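Please load the model in your viewer and keep the selection panel at hand. The tour below moves from the whole chain to single residues.

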Amino acid sequence: MTPFNPATAPRDTSLQRAVLDFLAAGNRWRGSGGMFMLRDDALLAFERHATSKLSSIDELDAIATLGFRGEALPSIASVSRLTLETRSDSEPTGTRIEIAGGKLISCEEFAAARGTTITVRDLFFNVPARKKFLRSDQTELTHIAQLVTHYSLAWPGFGFSLRHAARELLDVTPVSTLKERVFQVFGGQTVEELIEIEPRRVSCFQISGFLSRPQVQKSNRNSIFLFVNRRLIRDRLLLHAISSAYHNLMPPACYPFALLFVDCDPGEVDVNVHPSKTEIRFRQSSFVHDFVRDALRETLMASRPAASAPSPSPVTAFPAAGQAAPRLPYSEFTQTMENFRFDEARSVLPAEPPPPPFTLKPETAAAPRFAFVSALPVFSGAPETAPAPLRLPVPDTHGQMPDGVLLDPPLSMGRLAELRVLGQLYESFILAAGPDGLWIIDQHVAHERILFEKHLAQQAAGAVEQQRLLMPVILQLTPAQELEYERIAADLASAGFETAPFGRRTIAVHAAPSDLGPREVEKVVFEILEVAERELRHVSVEDFRRGIAASLACRAAIKINTPLDQRKMEWLLSQLARTQCPMSCPHGRPVALRYSPRDILKAFHRI
């Protein structure tokens, strides 16, 4: 018997579809697909180790399949009531096999369409001690939905369908590209927020996929999908590589959306580290880490993604579009909290009496004391209807936009050098116009990004510009800060600080980087000591030096509420256009927001 492997499955689209039903009430799972088995193979599939994919011991180091163990199907049958129905093209009738608790109940012929259906009922009915460890139906359904969603992303050439209680949780048809599958699963707005990673190959490793702009920030890693040779994995090495690629582009507690595919020779990765096959080990772990980090970083730098306006909230989720499976909660409590609305909560709060209506009444003259005339008769006919509002046609003077204006230009900061400065808003933001819309630039974070990259370049060249202080700055240190100072004195010197001990738990700062004002020297040194005390044991020396550069840039940058003349604003934009990562400051805040021509026309009801 040849086990199913998507990499070698037939390419007939009628066979490339898997349908799964989850029936919680009966503890029942059903799965069906276009693959089929002969009668003898169907019986053999329930024998232990009968579906082994290995023909020689050398193949242990070159496993190219998903690693579904040979005893998995008989193991499931031994703790449930399982029914297998299958029919091949070469047989006139299908085969139905029923097994309960590992014992064969029946094997009979029946009329069936081509394909295979496996139904699992009463899981762990004969092992009550194990059954009590099952989670709630909602939790188990979510795990199933997540697994089906992941593999639907890994194999866009196959169709997947997941149903529960007459509800379609996932239904995707076979497509030719990964981008189409992402559109099917997550929706069109998610696709617009993603940057495609062009396939790149180094040695025997290749990477491709999608990643989000730095402005799309998640509060957890649930939106990171990692595949190695189309196998779903959770690998700390690759997760760290992704975090390193977004370092200084996103706040530390936030995570991106990433869909990454790393392909390599099977011999370069060990997939037998864990029985679940989700943990792996690379033979060249350091090389893989740097390769993934550099590939993602170069993709972000090349695309220079900008933040669109109106901007989403700092920690945002993708819109509730696409399929329902990726958004399932892990418990009924989570679902209750997501369904909770303030309007519904008002029904359980004590009702407050409505305020009295406030209306303005016209002043009336005092009624006469004596009425010498009878009142006029009151007309009781139907009230007059209000006239319909006048609808004015749009005059011809409201013409079309000039030729050459793109309504949806690429959301990139690659045309910063072409912007024309319009002015300054609140003495804090620069307004500029360009071929791709209206831009609002935060002058502080823009200057911060400029100084950050400038200082890193000077550090790498060993030529940081210094300024001598007229009077040394004397700093009193705590015992812990004194220990940290002794450890990082060389890093302070390479960053442009000239320091020396000045008595017991005291240091003197004689020189500082030229961009730093004398009043900021004390704050920056204490910030660096605090970072060293808190994180130096957990980060690399390179990351620590980038942290020093970030502190220097933040303190030395132009502050908000600072008026700038036209020439200085133009200089700021020209320098920002020359940076490698103009989209965010070293702390992850966006530098600029853009209103596209479509946003502007929509706001004025022109489209």
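**The whole protein**

Begin with a surface representation: the protein exposes about 34,700 Å², and carbon and sulfur atoms supply 56% of that area. The model is a predicted one. Of its 607 residues, 42% count as buried. Switch to a cartoon next, where 16 helices and 23 strands can be displayed. Among contacts with a sequence separation of 6 or more, 72% join residues that lie 24 or more positions apart.

**The second largest pocket**

Now turn to the second largest pocket, whose volume is about 1,600 Å³. Its lining comprises 49 residues; select Ser-243, His-247, Asn-248, Asp-543 and Arg-546 to find those closest to the centre. Which helices each supply at least two residues of this lining? Select H7 (236-245), H8 (285-303), H11 (443-461), H13 (521-535) and H14 (541-556) to display them. Helix H14 provides the largest share of the lining, eight residues. Colouring the lining of this pocket by class gives 19 nonpolar, 14 polar and 16 charged residues.

**Strand E23 and Ala-592**

Proceed to strand E23, residues 592-595, and select Ala-592 within it. Is Ala-592 buried or exposed? Its relative accessibility is 3%, so Ala-592 counts as buried, the cut-off for that class being under 20%. To see what surrounds Ala-592, show Ala-307, Met-413, Trp-439, Ile-440 and Ile-441, with which it is in contact when neighbours within four places in sequence are left aside. Then add Pro-582: the C-alpha atoms of Ala-592 and Pro-582 are 8.6 Å apart, with their positions 10 residues apart in sequence.

**The cysteines**

Finally, select the cysteines. How many disulfides does a search of the whole structure find? The search returns zero. Centre the view on Cys-264 and display Cys-204 beside it. Why is there no bond from Cys-264? The closest cysteine sulfur, that of Cys-204, is 6.1 Å from the sulfur of Cys-264, which is too far for a bond, since a disulfide requires the two sulfur atoms to be within 2.5 Å. Cys-264 has a relative accessible area of 9% and is therefore buried. End the tour at Cys-107, which counts as partly exposed because its relative accessibility is 25%, a value judged against limits of 20% and 50%.

How values were computed:
Residues are numbered from 1 along each chain as its sequence is written. This is a predicted model: local features need pLDDT of at least 70, side-chain atom pairs count only at pLDDT 80 or more; totals for chains, interfaces and linings use all residues. Side-chain values use heavy atoms; hydrogens and water are left out. Helices (H or I, at least four residues) and strands (E, at least two) are DSSP runs, numbered from the N terminus. Buried means under 20% relative accessible area, exposed over 50%, partly exposed in between (1.4 Å probe, protein chains only). Contact means heavy atoms within 4.5 Å. Accessible areas come from the Shrake-Rupley method with a 1.4 Å probe; for residues, only the protein chains shown count as cover. On a 1 Å grid over the protein atoms alone, a cavity is a set of points where a 1.4 Å probe fits but cannot get out, and a pocket is an open set with protein on both sides within 12 Å along at least five of seven lines; lining residues have an atom within 4 Å of a point. Grid points are joined across faces, edges and corners, and a volume is the space filled by probe spheres set on the points. Ala, Val, Leu, Ile, Met, Phe, Trp, Tyr, Cys and Pro count as nonpolar, Asp, Glu, Lys and Arg as charged, and the others, Gly among them, as polar.
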